[in-house]
Amino acid sequence: MWYNNILETIGNTPLVKLNNIVKDIPATVLAKVETTNPGNSIKDRMAIKMIEDAEKSGKLKPGGTIIEGTSGNTGMGLAMAAIIKGYKCIFTTTDKQSKEKVDALRAFGAEVIVCPTNVDPEDPRSYYSVSSRLEREVPNSWKPNQYDNLSNTQAHYEQTGPEIWEQTEGKITHLVVGVGTGGTISGTGKYLKERNPNIKIWGIDTYGSVFKKYKETGIFDKNEIYPYITEGIGEDFLPANVNFDVIDLFEKVTDKDAALMTREICRQEGIFVGNSAGSAVAGLLQLKDQLKPEDVVVVIFHDHGSRYMGKMYNEDWLRERGFLKDEKLTARTILGKKENAEIVTIDCEKTVSEAFNTMSTLNISQIPVTQKGMLVGKLEESDILAALLENPSVKSAKVESIMGATFPFVDLNTSIDRLSSLINKDNSAVLVELEDGKFDIITQYDIINAIKG
């Protein structure tokens, strides 16, 4: 059997039990892994549904241009469908979205316009406003408007909900979904509640978004809105696709917790997922006390980790935002793993022969050289060998005649990356200044030993 085109492969994604990352949760937790869709995200489902409904209604005509404000995943689904169906695509997105998402849309032949994040939706520079203006200006164009187009919700009512019901044999008790446009949670949740009204639908929100307070108080509070990093969930307005009657509660997750959990899913479960999956699992862990052993929880894993290589999967990016405590080895931790041994030095007035005997006795390949107790240089086996090959009588010469420049000095907080770069063909070790004014030495062997644990 084969498929007639790539669009026929959308849906029927696997449900996978999570084990390590949810060990503190009493319930059975299953992930609906939407990364197996051809566009690597759940948005493929609603993208094709919106296009097909627009074709039926006459809003999208042959050879037309699809114009949409998208953070990337919906754009991917629309662009893929446009290729098969013969449409052009123009997308607007925000400058907070990962570069990988924008590059992926351009790979599918779409034109992408990047707009500022920190402006109101009604601001003419916002990605909502720019896409609306383009729809007015570009002939034979159509804007799906994923936020208010109810085909979005309907796609999940027709597909995602029934799949989860069948895959769990109707045993699902809780659905956990990061909420952005609202189509996934509202459509899936509506179907599941029609089958069993006792199923709880939990929405995961982010700090800087309006959903949670609006659900709990009915108040749209602009003071709740501020810039956030988490991608794919939360909004600064109320999309028509968010059905607050279907959603039982919202739980907010911080940018830091979402980013770090995204990485942990990959590291602990071997499932390479994006930021909204991290938010969903972090939110579920925050709600774990509301779960019982007999519960069956389904968490939506929206999209693929490859879209976030420059962000959640980039340690420098995480460190810049203070999300990642630097747990890399430092000079301090490497010295802590070393056996305590007195640092041996040799005076520059000693002979080369005496230095070599000392090094041989102690089985060391390098030695710091001092003058009146001050470090002035270093002597390495290679220095002695080179000097002897040139002049065998050098063995009775003073060490200072063949010593090299002293080893580089570092402090206790120097990272393993820096230490490794300093130890090279010119330097077989580094000297570490200790808090009491003394010094210790780190060799390549010490670094390897520390890494081995």
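Two strands are taken to pair if DSSP finds at least two bridges between them, and strand S14 (residues 409–410) meets that cut-off with strand S15, to which two bridges join it in a parallel arrangement. Within this pair, valine 410 stands opposite valine 432 in S15. The structure is a predicted model, and the points below take up its strands, a helix with buried residues, a nonpolar surface patch, two residues with positive phi, and its salt bridges.

**Strand S15 and its surroundings**

- Strand S15 covers residues 429–433, and four of these five residues are buried, so the strand is largely enclosed by the rest of the structure.

**The open sheet and the CBS span**

- Strands S11, S12 and S13 form an open sheet in that order, and the pairing within the sheet is mixed.
- Strand S11 (346–347) and strand S13 (374–380) stand at the edges with a single partner strand each, so one side of each is left without a neighbour in the sheet.
- Strand S12 (residues 366–371) and S13 run antiparallel and are joined by six bridges; in this pairing, threonine 370 of the chain stands opposite leucine 375 in S13.
- The UniProt record, an unreviewed entry, places the feature "domain: CBS" at residues 339–396.
- In the model, the end C-alpha atoms of residues 339–396 lie 33 Å apart, and the span is 36% helix and 26% strand.

**Buried residues of helix H5**

- In helix H5 (residues 151–158), the buried residues are Ser151, Asn152, Thr153, Ala155 and His156.
- The cover over the buried residues of H5 includes three other helices, namely helix H1 (43–57), helix H6 (160–167) and helix H7 (183–195).

**A nonpolar patch on the surface**

- Ile6, Ile83, Ile84 and Phe108 make a nonpolar surface patch of about 320 Å².
- One member of the patch, isoleucine 6, is found in the segment before strand S1 (15–17), and with a relative accessibility of 37% isoleucine 6 counts as partly exposed.

**Two asparagines with positive phi**

- Most residues other than glycine have a negative phi, which is the background for the two asparagines that follow.
- Asparagine 12 is not a glycine, yet has a positive phi of about 50°; asparagine 12 is found in the segment before S1 and, at 66% relative accessibility, counts as exposed.
- Asparagine 363 likewise has a positive phi, with a value near 55°; asparagine 363 is placed in the loop between helix H13 (352–362) and S12, and at 70% relative accessibility counts as exposed.

**Salt bridges**

- Side chains of opposite charge can pair when their charged atoms come close, and a search of the whole structure finds 23 salt bridges.
- Within helix H4 (residues 127–137), arginine 133 and glutamate 137 lie four residues apart, about one turn of the helix, and their side chains meet in a salt bridge with an N to O distance of 3.2 Å.
- Of these two partners, arginine 133 is partly exposed, with a relative accessible area of 36%, whereas glutamate 137 is exposed, with a relative accessible area of 52%.
- Arginine 267 forms a salt bridge with glutamate 315, and the closest N and O atoms of the two are 3.8 Å apart. Because arginine 267 lies in helix H9 (residues 255–269) and glutamate 315 in helix H11 (residues 315–320), the pair ties together parts that are 48 residues apart in sequence.
- Arginine 267 is exposed, with a relative accessible area of 55%, whereas glutamate 315 is partly exposed at 28%.
- Glutamate 435 forms a salt bridge with arginine 332, in which the closest N and O atoms are 3.3 Å apart. This pair links distant parts of the chain, as glutamate 435 lies in the loop between S15 and strand S16 (439–443) and arginine 332 lies in helix H12 (residues 331–337), 103 residues apart.
- Glutamate 435 counts as exposed at 68% relative accessibility, whereas arginine 332 is partly exposed, with a relative accessible area of 38%.
- Lys32, Glu34, Arg45 and Glu163 are joined into one network by salt bridges that share partners.

Key. Residues numbered from 1 in each chain as written. Predicted model: local features only at pLDDT ≥ 70, side-chain atom pairs only at ≥ 80, totals over all residues. Heavy atoms only, no water. UniProt positions renumbered as here; feature names shortened; annotations may be inferred. Patch = residues over 30% accessible without salt bridge, like charges linked within 9 Å, V, L, I, M, F, W, Y side chains within 5 Å. Areas by Shrake-Rupley, 256 points an atom, 1.4 Å probe, with all protein chains shown as cover. Salt bridge = Lys/Arg side-chain N within 4 Å of Asp/Glu carboxyl O. Buried < 20%, exposed > 50% of the residue type's maximum accessible area, 1.4 Å probe, protein only. Contact = heavy atoms within 4.5 Å.
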